[in-house]
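User: I'm new to this structure and would like a close look at one part of it. Could you pick a single residue to start from and then walk me outward to the sheet and the rings?

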Amino acid sequence: MYGKNNLPQFKYVPKNQPPSTSQTKAPSNNNVIVLQDGLVLFKKLIPLREQQELVDLCIQFGTGKYPEFGSFYTGKFIVTAEGFYDTDLSNNAYKKPDQQPQETSQEEQNSENSEKSKPPNRLNLATKARMSIPLHKCPKIFVSVADKYLQIARSTCPSIPASTAKICRINYYTKKGKIGWHRDRDGLSPEEQKTVKSPIVSISLGSSGVFLWKNSMDEEANEILLESGDVLVFGGPSRMLWHSVPSIMARDTIPKSLRVKDFTGRFNIGFY
């Protein structure tokens with residue numbers, strides 16, 4: 001999956017040339033919603049089998065199976081200067097684990113080993129978690145799913161350009177998780193923020209989440225529900241829209257046959 005000669009890539013399309021649809025079959029119009037120019041929603045189109053593969057990988061990465069990328073329990077808070085704003089987070093929202101390891105008995109160690117699938121109590125963003133993977137080391141299925149819907153989005157909405165994504169980010173929201181109003185501007189200078197058009201592809205899995213967006217903070221917010229299997233693409237004139245996730249719905253919004261272990265919240269796989 002991560003071999004040097006088997007690196008997943010987005011299919012880049014020459015500038016000003018429309019994407020080819022010869023190998024990508026567009027879904028019915030009922031499942032594709034153009035919310036505004038440059039903002040396209042695909043409703044519940046990822047097959048359940050594929051959702052399960054994506055969730056399994058999210059859990060593996062999140063629980064540290066690939067330690068070079070960290071986990072949901074390591075890392076630091078994202079601050080406003082890095083393009084993230086959350087009114088619920090404070091310096092006291094997260095307490096670091098004790099520096100000195102505690103001695104445990106053999107019986108306790110055996111108990112811990114038998115429950116490895118259960119997540120620890122501390123997520124790296126308190127009520128949610130985030131970790132990033134360089135695109136060239138990303139699982140192929142992550143990239144292939146994102147690429148599929150990006151190509152259809154570009155065919156549906158010509159204002160969306162080709163992707164220049166470099167990072168795949170996995171977010172996990174507990175039922176108390178939320179994110180305040182922000183624009184995705186990580187790594188962009190103030191000048192680049194004025195001109196950036198490269199699309200973001202966002203895949204939703206697990207519990208449903210309320211998604212709000214607006215083009216400026218003076219406007220009234222628009223609202224949609226992102227459900228498991230939804231894909232949201234925004235780029236071109238919508239690339240720098242303001243958006244937030246104010247709430248995560250109850251566990252019963254997870255597809256019944258989707259196995260999530262103890263991760264009963266919402267996963268989001270995003271390409272930036």
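Analyst:
**A close look at Gln193**

Let's start with Gln193: in this predicted model, Gln193 has a relative accessible area of 18%, which is under 20%, so Gln193 counts as buried. Gln193 belongs to helix α4, which covers residues 190-195. Where does the side chain of Gln193 reach? It gets to the backbone oxygen of Leu188, at 3.2 Å. If you skip the neighbours within four places in sequence, Gln193 is in contact with Arg183, Arg185, Leu188 and Met240.

Now zoom out a bit. The protein chain has four helices, α4 being one of them, and eleven strands. It's 272 residues in length, and 46% of those count as buried. Take the contacts between residues at least 6 apart in sequence: 83% of them join residues at least 24 apart.

Next, the sheet. Seven strands make up an open sheet, and if you walk across it you meet β1-β2-β9-β6-β11-β4-β3, with antiparallel pairing. Why is one side of β1 and of β3 left without a neighbour in the sheet? β1 (32-36) and β3 (128-134) stand at the edges and each has a single partner strand, so there is nothing in the sheet on the other side. Neighbouring strands here are turned by 15 degrees against each other on average, ignoring direction.

Look at the β3 edge for a moment. β3 is joined to β4 (residues 167-173) by seven bridges, and the two run antiparallel. Along that pairing, Met131 stands opposite Ile170 in β4.

Two helices come in here. Helix α1 (residues 48-62) packs on the sheet and touches β3, β4, β6 (200-206) and β11 (266-271), with its direction at about 90 degrees to that of β11. Helix α3 (residues 140-156) lies across β1, β2 (39-42), β4, β6, β9 (231-234) and β11, and runs at about 125 degrees to β6.

On to the rings: there are eleven aromatic pairs in the structure. In one of them, Phe61 and Tyr66 have ring centres 4.7 Å apart and planes at 40 degrees, so this pair is tilted. Phe61 is buried, with a relative accessible area of 0%.

Another pair, Tyr172 with Phe263, is edge-to-face, with 5.2 Å from centre to centre and 80 degrees between the planes. Tyr172 sits in strand β4 while Phe263 is in the loop between β10 (242-248) and β11, so the pair ties together parts that are 91 residues apart in sequence. Both rings belong to buried residues: Tyr172 has a relative accessible area of 5%, and Phe263 has 1%. They also belong to one aromatic cluster, formed by Phe72, Tyr73, Tyr172, Phe263 and Phe267.

Finally, some rings have a charge over them. The charged end of Arg169 sits over the ring of Tyr272, 4.6 Å from its centre. Lys214 has its charged end over the ring of Trp181, and there the distance to the centre is 4.5 Å.

Terms used:
Residues numbered from 1 in each chain as written. Predicted model: local features only at pLDDT ≥ 70, side-chain atom pairs only at ≥ 80, totals over all residues. Heavy atoms only, no water. Pairing = 2+ DSSP bridges. Axes fitted to C-alpha atoms, helices over the stretch in contact; angles between N-to-C directions. Contact = heavy atoms within 4.5 Å. Buried < 20%, exposed > 50% of the residue type's maximum accessible area, 1.4 Å probe, protein only. Polar contact = N/O pair within 3.5 Å; in protein donor to acceptor, adjacent residues only side chain to side chain. Phe/Tyr/Trp six-rings, centres within 6.5 Å; stacked < 30°, edge-to-face > 60°. Lys NZ or Arg CZ within 6 Å of the ring centre and 35° of its normal.
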